[in-house]
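The following report is written for a reader who meets this structure for the first time. Please look over the sequence and the model before reading on.

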Amino acid sequence: MPIYNAPLADMKFILNDVFNAEQFWQANENLAHLDAATAEAILEEMAKFAQNVTLPLNRSGDEEGAKYENGAVTTPAGFKAAFKQYAEGGWIGLGADEEWGGQGMPKMLTVLSDEMLFATNPSFMLYPLLSVGAGMALNSYASQAQKETYLPKIYSGEWSGTMCLTEPHAGTDLGIIKTKAERNEDGTYSITGTKIFITGGDHDLAENIIHLVLAKTPDAPAGSRGISLFIVPKLLVNADGSLGERNPVSAGSIEHKMGIKASATCVMNFDGAQGYIVGKENEGLAAMFVMMNYERLSMGIQGLGASEFAYQNAAQYATDRLQGRSAAGVQSPSKPADSILVHGDVRRMLLNVRANNEASRAFAVYVGQQLDITKFSTDAEAVKKANDRVALLTPIAKAYLTDTAFNSTLDAQMVFGGHGYIREWGMEQCVRDLRIAQIYEGTNGVQSQDLIGRKTIKCKGEFIAEYIQEIRDFTNGLDADLNFIKDATLDAAAEVEAVTQFILEAAQESPDFANSSAVDYLHVVGLLSFSYMFARIANAAKDKQGDFYQNKLALARYFAQRILPELALRITKIKAGSDVIMNFTEDYFTAQV
């Protein structure tokens with residue numbers, strides 16, 4: 001049976017010591033209701049729920065899967081009761097505005113509660129996650145009447161939410177969607193079309209499902225400028241808030257997937273379904289991106305949760321597994337063999353995973369803090385700066401955290417050897433479930449193109465320059481006893497600054513350069529970001545006594561010496577240019593050997 005113990009000590013360290021969260025909250029009148037003790041109590045309660053409720057359902061949910069029968073979708077045994085308990089505990093509205101029944105908690109905190117659910121049951125977590133995202137989009141763009149109708153029910157868990165974007169022919173390029181929205185005389189719209197890959201498109205967890213659907217009106221402009229957003233309930237809502245007749249929207253099937261099998265991924269058919277426009281016609285994409293930007297950070301948290309789960313199980317297995325003897329001599333003479341922890345390669349894999357987890361957690365909280373500034377701060381300059389930082393780092397949060405997490409789960413699986421391939425240990429499910437995080441909410445390749453194109457080249461490197469300056473300002477203030485991470489981070493900042501300038505110049509010479517270099521550049525910025533996080537971690541730990549803090553310093557040193565050097569390799573690949581990729585003809589890729 002796989003194990004999981006919520007890393008509460010690490011979470012509290014990141015909040016309290018690395019980011020001084022209580023001071024940050026108390027300095028903001030909109031967050032002053034929260035203190036460290038309350039935040040810790042929330043995390044402790046979520047740890048109990050994750051360990052006692054969602055973890056036991058993870059494997060059984062994978063084996064049973066969501067089921068589609070007679071036009072309806074059911075979730076695996078135990079999911080409905082767990083969802084009810086989760087909703088009644090107020091968890092869906094943890095970060096939502098109190099006006100709509102939420103608790104008004106900051107993103108810095110909710111990323112950590114989300115991590116625990118993603119670690120123990122990613123399929124379960126996706127159901128409330130989509131509701132939260134839908135609520136955010138509605139809160140930002142819906143009318144007051146729409147908010148009053150839908151938000152309290154969504155945050156209470158009585159109703160759930162989805163986002164319906166992708167179509168069979170239109171994934172990343174939403175400008176070519178075909179779903180139609182025709183205006184009716186009463187001001188509603190008739191929505192007709194098919195959407196695919198819709199998480200939680202149908203299920204038995206809530207009494208109603210509120211679909212947020214992208215569609216085009218008949219006279220809409222071409223491309224993404226012609227997209228509108230509509231509320232399309234599964235069950236129509238009467239004027240008094242009660243549920244009415246069934247809307248002609250239904251699941252046509254569910255996908256048979258590699259992983260997250262307990263999450264119902266639906267093909268949704270809209271057959272003249274009644275919809276209500278959110279905001280203005282042709283301005284729907286902006287509303288949807290409010291949802292998607294938060295979801296993209298959540299995908300990074302999915303990666304972190306999986307990696308933490310994988311680490312804990314691999315570390316325990318390595319401690320218990322006896323195999324061979326240490327190269328330095330017998331370490332456990334009373335046993336037939338030493339534990340595999342005596343082997344350097346096993347330690348390398350475990351340290352890679354542990355370093356990824358601690359840097360990822362710090363980075364997620366950092367991005368969460370920027371999101372909190374954009375939402376809660378009354379300082380216009382601070383809000384603009386934070387918005388720019390979020391724009392730059394959202395692709396990193398989504399793509400770099402899931403890329404490194406996937407590699408980490410593979411390392412953890414390898415620690416098990418052959419047992420890692422066997423179902424009972426949980427590693428093969430962990431790998432399968434995580435793979436999607438690199439794909440949905442915009443593939444990691446698309447995220448990389450966003451970073452290098454819109455967030456770097458388009459703004460002439462302004463966003464990354466401001467970020468590098470922040471990193472330098474912090475790192476230059478470190479004491480001499482932290483020179484090992486100080487020097488490494490400052491060197492990395494200089495290298496990223498130089499390669500960014502190279503990219504800005506090369507992109508002017510070749511239209512293919514940016515796309516060909518995008519993934520490597522995202523990893524370059526990701527590595528710098530992790531080095532910055534370890535600089536902050538090391539600074540928070542350096543004056544404290546005990547193994548817990550000394551191990552933080554040791555892991556920062558490991559990162560600087562064994563992981564950060566990948567930066568040079570990535571930069572070398574960027575400087576190789578695009579010709580070596582693009583000079584192949586298209587026929588080459590389909591030619592028979």
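Is Asp 338 buried or exposed? With a relative accessibility of 0%, Asp 338 counts as buried. This value, like every other in the report, is computed from a predicted model.

## Salt bridges

Side chains of opposite charge can pair when their charged atoms come close. In this model there are 30 salt bridges, and three of them are set out in the table below.

| Salt bridge | Closest N to O distance |
|---|---|
| Arg 423 and Asp 62 | 2.3 Å |
| Arg 423 and Glu 428 | 2.6 Å |
| Arg 325 and Asp 338 | 3.0 Å |

The side chains of Arg 423 and Asp 62 meet in a salt bridge with an N to O distance of 2.3 Å. Because Arg 423 lies in the loop between helix H11 (380-415) and helix H12 (427-435), while Asp 62 belongs to helix H4 (residues 58-64), this pair ties together parts of the chain that are 361 residues apart in sequence. The two partners also carry different labels for accessibility, since Arg 423 is partly exposed at a relative accessible area of 24%, whereas Asp 62 counts as buried at 6% relative accessibility.

Arg 423 has a salt bridge with Glu 428 as well, and Glu 428 is buried, with a relative accessible area of 15%. Through salt bridges that share partners, Arg 59, Asp 62, Glu 63, Arg 423, Glu 428 and Arg 432 are joined into one network.

In the salt bridge between Arg 325 and Asp 338, the closest N and O atoms are 3.0 Å apart. Both Arg 325 and Asp 338 are placed in the loop between helix H9 (284-320) and helix H10 (344-376), and the two residues are 13 residues apart. Arg 325 counts as partly exposed, at 31% relative accessibility, while Asp 338, as stated at the start, counts as buried.

## Aromatic pairs and charges over rings

A pair of aromatic rings is described by the distance of the centres and the angle of the planes. The structure holds 24 aromatic pairs, one of them formed by Phe 49 and Phe 124, which is tilted, with 6.4 Å from centre to centre and 50 degrees between the planes. Since Phe 49 is part of helix H3 (residues 36-54) and Phe 124 is part of helix H7 (residues 122-141), the pair ties together parts that are 75 residues apart in sequence. Both Phe 49 and Phe 124 are buried.

Another pair, that of Phe 502 and Phe 513, is edge-to-face, with its centres 5.9 Å apart and its planes at 70 degrees. Here Phe 502 lies in helix H15 and Phe 513 in helix H16 (residues 513-541), so the pair ties together parts that are 11 residues apart in sequence. Phe 502 counts as partly exposed, at 28% relative accessibility, whereas Phe 513 is buried, with a relative accessible area of 3%.

Ring pairs also link Phe 19, Phe 363, Tyr 366, Tyr 467, Phe 474 and Tyr 532 into a cluster. Over the face of Phe 474 lies Arg 536, at 5.1 Å from the ring centre, and Lys 544 lies over the face of Tyr 549, at 6.0 Å from the ring centre.

## The nonpolar core

Which residues touch the most other members of the largest nonpolar core? In this core of 196 residues, they are Met 116 and Phe 363, and helix H16 gives the most to the core, with 18 residues. Leaving aside neighbours within four places in sequence, Phe 363 is in contact with Leu 393, Ile 396, Ala 397, Leu 401, Tyr 467, Ser 529, Phe 530 and Met 533.

## Two further residues

Thr 489 is placed in helix H15 (residues 483-509) and counts as buried, at 0% relative accessibility. The side chain of Thr 489 makes a polar contact of 2.7 Å with the side chain of Ser 531. Not counting residues up to four places away in sequence, Thr 489 touches Ile 471, Thr 475, Leu 528, Ser 531, Tyr 532 and Ala 535.

Phe 24 has its place in helix H2 (residues 21-26). With residues up to four places away in sequence again not counted, Phe 24 touches Leu 31, Met 108, Gln 369, Asp 372 and Ile 373. Between Phe 24 and Tyr 141 there are 28 Å in space, C-alpha to C-alpha, and the two are 117 residues apart in sequence.

Notes: Residues numbered from 1 in each chain as written. Predicted model: local features only at pLDDT ≥ 70, side-chain atom pairs only at ≥ 80, totals over all residues. Heavy atoms only, no water. Salt bridge = Lys/Arg side-chain N within 4 Å of Asp/Glu carboxyl O. Helix = DSSP H or I, 4+ residues; strand = E, 2+ residues; numbered from the N terminus. Buried < 20%, exposed > 50% of the residue type's maximum accessible area, 1.4 Å probe, protein only. Polar contact = N/O pair within 3.5 Å; in protein donor to acceptor, adjacent residues only side chain to side chain. Contact = heavy atoms within 4.5 Å. Phe/Tyr/Trp six-rings, centres within 6.5 Å; stacked < 30°, edge-to-face > 60°. Lys NZ or Arg CZ within 6 Å of the ring centre and 35° of its normal. Core = buried A, V, L, I, M, F, W, Y, C linked by side-chain atoms within 4.5 Å.
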